Amino acid sequence: MNSENFSLSEKIVSSSYIRQGSQARRSHEQLIRHLLEQGKCPEEGWSESTVELFLNELAVMDSNNFLGNCGVGEREGRVASSLVARRHYRLIHGIGRSGDIAAIQPKAAGSSLLNKLTNSVALDILKLSGVRSVASCFVVPMATGMSLTLCFLTLRHRRPKARYIIWPRIDQKSCFKAMITAGFEPRKIEELGADNVLCVHSTTSCFAPRVPDRLEELATMCAKYNIPHIVNNAYGVQSSKCMHLIQQGARVGRIDAFVQSLDKNFMVPVGGAIIAGFDEPFIQEISKMYPGRASASPSLDVLITLLTLGASGYKKLLSERKEIYSFLAQELKSLASAHGERLLHTPHNPISLAMSLDGLQAESDKAVTHLGSMLFTRQVSGARVIPLGKEQTISGHTFRGFMSHSEEYPCPYLNAASAVGITRDDVTLCIKRLDKCLKTLKKDGNAAKSKFCFGNTLGSSAR
């Protein structure tokens, strides 16, 4: 209520009580005022009541929620299900306009304000996480792969003769398909000449045993040859090392844009990413490449999350993730040793770890792949088992040794990652179940060998 309505309320209920209620309301409004003034993530997280009050205030600014609104257009923010309306806090119009995802929408002042604030808060978090010189960013309602494609398509207008992308191999399908979908082929600079190269497409966060690319050297090379540089930072915001690499790369050379997933870094539903960079006009150019309006759901989800966590809450999550990485490494190393395996040496990968599976490979190829299915049926999600020599064809390109980032990696292995939100209980339970699976497979392997030997013995006796 506004001050006039509070004054009127004093005629109905004791004025002292109304004043107390008015002061409580002002405490919520003070937090909202600071957000609007500063455009930064609040240091301390908001309560759910403050977040919901803020979202309701935004929603009543959109035309679909105007009392007495008469809509005669083809897109009026009409929703058939009240459940859907509540799920989206009645923010139905989405963000942007047909020509620019960042444009203000006349019918939706509240949703437009939501979009601008989300981008501003996201920029603040990227700076807080280590890329302090980042100039601009925007949330896009597409996951990492399609967001990278949008960057490549924007560069196509700047470099119309270019047909190729320089890509240090990483065995993750969406990274490769992002380039193919945009109509480019991965190649080497020396083979092609700089003018024919659209950009260098590097990677920070990745599955062990691969480690982040050497961004400083790549950025220096891009500056030397005047070649754009796009960084896949899919889940790198949660890693101070990955963010430091981006900051240093931009300081010593050239990085045009870096892309990160919302779900992996901020624990929200899949479907959004942040495209960021050091040249604001170029980031705006990418945003204008997005055709049509866009869903506001990813922006809404990440804004709610960051307002609830606050800067201090997010920093706490990052610190806990780093601590649990050390715990996971220690537990995996102990387990590997107990089973005659080893923790692979990947000190430059700050999130993902890998444990060899040589013993299982000695049993059979099937034993390695069977471990992956055993873990999944025992509700261990996210652990990846990589056998030797797997082939994968993507858009006509065949990769040998797929998922190991190398044509001939010397051993099969298992991946586990310490990502934001992981707990010590997750690690402890995973190690317990992994240990049990390895023992079961070893026992089954020994039983099969004994059966084979016993069968041979009977055969010899019969002869």
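# Notebook: loops, strands and cores

**Met267 first.** I started in the loop between α11 (262-266) and β7 (273-277), where Met267 lies. This is a predicted model, so I read every value here as computed. Phi of Met267 comes out near 55 degrees, a positive value in a residue other than glycine. I noted that because most residues other than glycine have a negative phi. Is Met267 buried, partly exposed or exposed? With 43% relative accessibility, Met267 falls in the partly exposed class.

**Other backbone oddities.** I then went to Arg90, which sits in the loop between α4 (82-87) and α5 (109-128). Arg90 also is no glycine and has a positive phi, about 60 degrees. Its relative accessible area is 30%, so Arg90 goes down as partly exposed. Next I checked the peptide bond from Ala208 to Pro209: this bond is cis, with omega near 15 degrees. Most peptide bonds are trans, so I flagged that one. I found Pro209 in the loop between β4 and α9.

**Around β4.** That loop took me to strand β4 itself, residues 197-203. How many of the residues of β4 are buried? I got 7 of the 7, so the strand is largely enclosed by the rest of the structure. For partners, I found strand β2 (residues 164-166) paired with β4 in the parallel sense over 3 bridges. Ile165 stands opposite Cys199 of β4 there. Strand β5 (residues 229-232) pairs with β4 too, again in the parallel sense, over 4 bridges. In that pairing I noted Ser202 opposite Val231 of β5. I traced the chain from β4 through helix α9 (residues 215-225) to β5, and this β-α-β crossover is right-handed.

**Ser261.** I looked up Ser261 next and placed it in strand β6 (residues 257-261). Its relative accessible area is 1%, so Ser261 is buried. What does its side chain reach? I found the backbone nitrogen of Lys264 at 3.4 Å from the side chain of Ser261. Leaving out neighbours within four places in sequence, I listed Thr144, Ala234, Phe266, Gly272 and Ala273 as contacts of Ser261.

**Cores.** Phe266 turned up again when I went through the largest nonpolar core, which has 81 residues. Phe266 is among the residues with the most contacts inside this core, and so are Phe54, Leu126, Val140, Phe152, Ile274 and Ile286. Which element gives the most to the core? I have α13 down for that, with 9 residues. I also pulled the contacts of Ile286, again skipping neighbours within four places: Phe138, Leu150, Cys151, Thr154, Ala257 and Ile275. There is a second, separate core of 29 residues, which includes Leu371, Met374, Val427 and Leu441.

**The three-stranded sheet.** Then I turned to an open sheet of 3 strands, with the order β8-β12-β9 and antiparallel pairing. I marked β8 (352-356) and β9 (384-386) as the edge strands, each pairing on one side only. Neighbouring strands of this sheet are turned by 25 degrees against each other on average, with direction ignored. I counted 5 bridges between β8 and strand β12 (residues 413-417), in the antiparallel sense. Met355 stands opposite Leu414 of β12.

Which helices touch this sheet? I found helix α13 (residues 297-338) lying across β8 and β12, at about 5 degrees to β8. Helix α15 (residues 365-377) packs on the sheet as well, touching β9 and β12, and its direction makes about 175 degrees with that of β9.

**Pro387.** I followed the chain from β9 into the loop between β9 and β10 (391-394), where Pro387 sits. Its relative accessibility is 22%, so I put Pro387 down as partly exposed. How far apart are Pro387 and Leu414 in sequence and in space? I got 27 residues in sequence and 8.8 Å in space, C-alpha to C-alpha. Not counting residues up to four places away, Pro387 touches Val368, Thr369 and Pro412.

**Overall numbers.** I closed with the totals for the protein chain: 16 helices and 12 strands. Of its 463 residues, 48% count as buried. I also looked at contacts between residues at least 6 apart in sequence, and 72% of them join residues at least 24 apart. The C-alpha atoms fill a box of roughly 105 × 60 × 45 Å along the principal axes.

Methods
Residues numbered from 1 in each chain as written. Predicted model: local features only at pLDDT ≥ 70, side-chain atom pairs only at ≥ 80, totals over all residues. Heavy atoms only, no water. Pairing = 2+ DSSP bridges. Helix = DSSP H or I, 4+ residues; strand = E, 2+ residues; numbered from the N terminus. Axes fitted to C-alpha atoms, helices over the stretch in contact; angles between N-to-C directions. Contact = heavy atoms within 4.5 Å. Buried < 20%, exposed > 50% of the residue type's maximum accessible area, 1.4 Å probe, protein only. Right-handed = clockwise from strand over helix to strand, strands pointing away. Polar contact = N/O pair within 3.5 Å; in protein donor to acceptor, adjacent residues only side chain to side chain. Core = buried A, V, L, I, M, F, W, Y, C linked by side-chain atoms within 4.5 Å.
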